[in-house]
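Student: Before we discuss this model, could you put the sequence and the structure on screen, so that I can follow each point on the atoms?

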Amino acid sequence: MDAIEALKTRRCVRAYLNKPVPREIIEDLVDCGRLAASAINIQPCEFVVVTDAAVRQQLAGISDYGRFIADAPVCILVLSKDTKYFLEDGSAATQNILLAARAHGLGACWVAGDKKPYAREICGLVGAPEGYRLVSMVPLGYPAENPDKAKRPLSDVLHWERY
Ligand SMILES: Cc1cc2nc3c(=O)[nH]c(=O)nc-3n(C[C@H](O)[C@H](O)[C@H](O)COP(=O)(O)O)c2cc1C
């Protein structure tokens with residue numbers, strides 16, 4: 001799958017097959033996350049891969065709209081040092097991971113981090129050092145659903161020269 005196809009067909013997937021994801025693929029997803037654009041090239045992101053079922057249960061229980069983390073074989077936590085542009089950097093990394101997952105035939109979903117009251121608790125749960133923020137959680141696995149959520153048409157959102 002080429003990059004354009006991956007990004008045009010990516011949708012959030014919240015149901016997964018009971019099939020393990022090879023370690024090399026998980027490493028490649030994190031590699032794609034680390035290569036994302038970063039303001040002033042500070043590269044403040046760190047990635048915690050959680051496969052342990054008990055910890056995934058905890059993450060699912062702590063989050064409000066992330067219950068399905070318990071059912072995903074893998075959850076990648078995108079953390080960032082608290083820099084001026086940590087949210088933009090962490091979001092770019094998160095999107096790279098979602099697209100790479102799609103290209104590898106996996107399904108993944110962006111679960112909210114930073115703006116949620118549980119963000120600090122999750123940082124503590126995975127042992128993040130002081131001064132790090134949770135940007136997102138990305139549960140992923142081989143997809144058990146194929147959602148096709150509607151998007152606003154190009155003609156609605158594209159403005160040439162002026163709004
Ligand atoms: C910043 C952000 C936070 C999100 N948080 C959640 C979440 O907590 N739980 C969830 O199920 N989906 C979450 N999503 C996924 C959105 O619901 C999803 O992207 C949106 O419905 C569009 O669907 P699509 O990703 O399939 O195109 C989040 C997406 C973004 C960008």
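Student: Which residue with a positive phi follows α4?

Tutor: This is a predicted model, in which local features need pLDDT of at least 70 and side-chain atom pairs count only at pLDDT 80 or more, while totals for chains, interfaces and linings use all residues. Residues are numbered from 1 along each chain as its sequence is written, and side-chain values use heavy atoms, with hydrogens and water left out. Helices (H or I, at least four residues) and strands (E, at least two) are DSSP runs numbered from the N terminus. After α4 comes a residue with a phi near 80°, and that residue is G105.

Student: What distance separates the end C-alpha atoms of α4, and why does it agree with the expected span?

Tutor: The expected span of a helix is 1.5 Å times one less than its number of residues. For the 18 residues of α4 this gives 26 Å, so the end C-alpha atoms agree with it, being apart by 26 Å.

Student: Which elements cover the buried residues of α4?

Tutor: Buried means under 20% relative accessible area, exposed over 50% and partly exposed in between, with a 1.4 Å probe and protein chains only. In α4 the buried residues are F86, D89, G90, A93, T94, I97, L98, L99, A100 and A101. Taking contact as heavy atoms within 4.5 Å, the cover of these residues includes α1 (3-9), α2, β1, β2, β3 and β5.

Student: Which element gives the most residues to the largest nonpolar core?

Tutor: A nonpolar core is a set of buried Ala, Val, Leu, Ile, Met, Phe, Trp, Tyr and Cys residues joined through side-chain atoms within 4.5 Å. The largest one has 23 residues, and V21, L29, F47, I76, L106 and L140 have the most contacts inside it. At least two of its residues come from each of α2 (23-34), β1 (45-50), β2 (74-81), α4 (86-103) and β5 (132-141). With 6 residues, the element that gives the most to this core is α4.

Student: How many residues does the other core have?

Tutor: This second core lies apart from the largest one, and its members include V50, C75, A128 and M137. Its number of residues is 22.

Student: Which residues does I76 touch, leaving out those up to four places away in sequence?

Tutor: I76 is one of the residues with the most contacts inside the largest core. With that sequence neighbourhood set aside, I76 touches L29, V30, F47, V48, V49, I97, S136, M137, V138 and L140.

Student: How many bridges pair β2 with β5?

Tutor: Two strands pair if DSSP finds at least two bridges between them. β2 and β5 run in the antiparallel sense, with K81 having Y132 as its bridge partner and V74 having L140. The number of bridges in this pairing is 8.

Student: Which residue of β2 stands opposite F47?

Tutor: β1 and β2 also pair in the antiparallel sense, over 6 bridges. Within β2, the residue that stands opposite F47 is V78.

Student: Which residue of β5 is the bridge partner of V111?

Tutor: β5 is joined antiparallel to β3 (residues 107-108) by 2 bridges, with G107 opposite G141. Strand β4 (residues 111-112) is likewise joined to β5 by 2 bridges in the antiparallel sense. For V111, the bridge partner in β5 is M137.

Student: Why does S80 count as buried, and what is its relative accessibility?

Tutor: S80 lies in strand β2, where 7 of the 8 residues are buried. Beyond its neighbours within four places in sequence, S80 contacts P44, C45, F86, G131, Y132, R133 and V135. S80 counts as buried because its relative accessibility is 0%.

Student: Which residues does I25 contact, leaving aside neighbours within four places in sequence?

Tutor: I25 has its place in helix α2 and is buried, with a relative accessible area of 16%. Outside that neighbourhood, its contacts are H104, L106 and Y142.

Student: How many helices and strands does the protein chain have, and what is its radius of gyration?

Tutor: The secondary structure comes to 6 helices and 5 strands. The radius of gyration is taken over C-alpha atoms, and the globule rule is 2.2 Å times the number of residues to the power 0.38. For 163 residues that rule gives 15 Å, so the protein chain is as compact as a globular protein of that length, with a radius of gyration close to this, at 16 Å.
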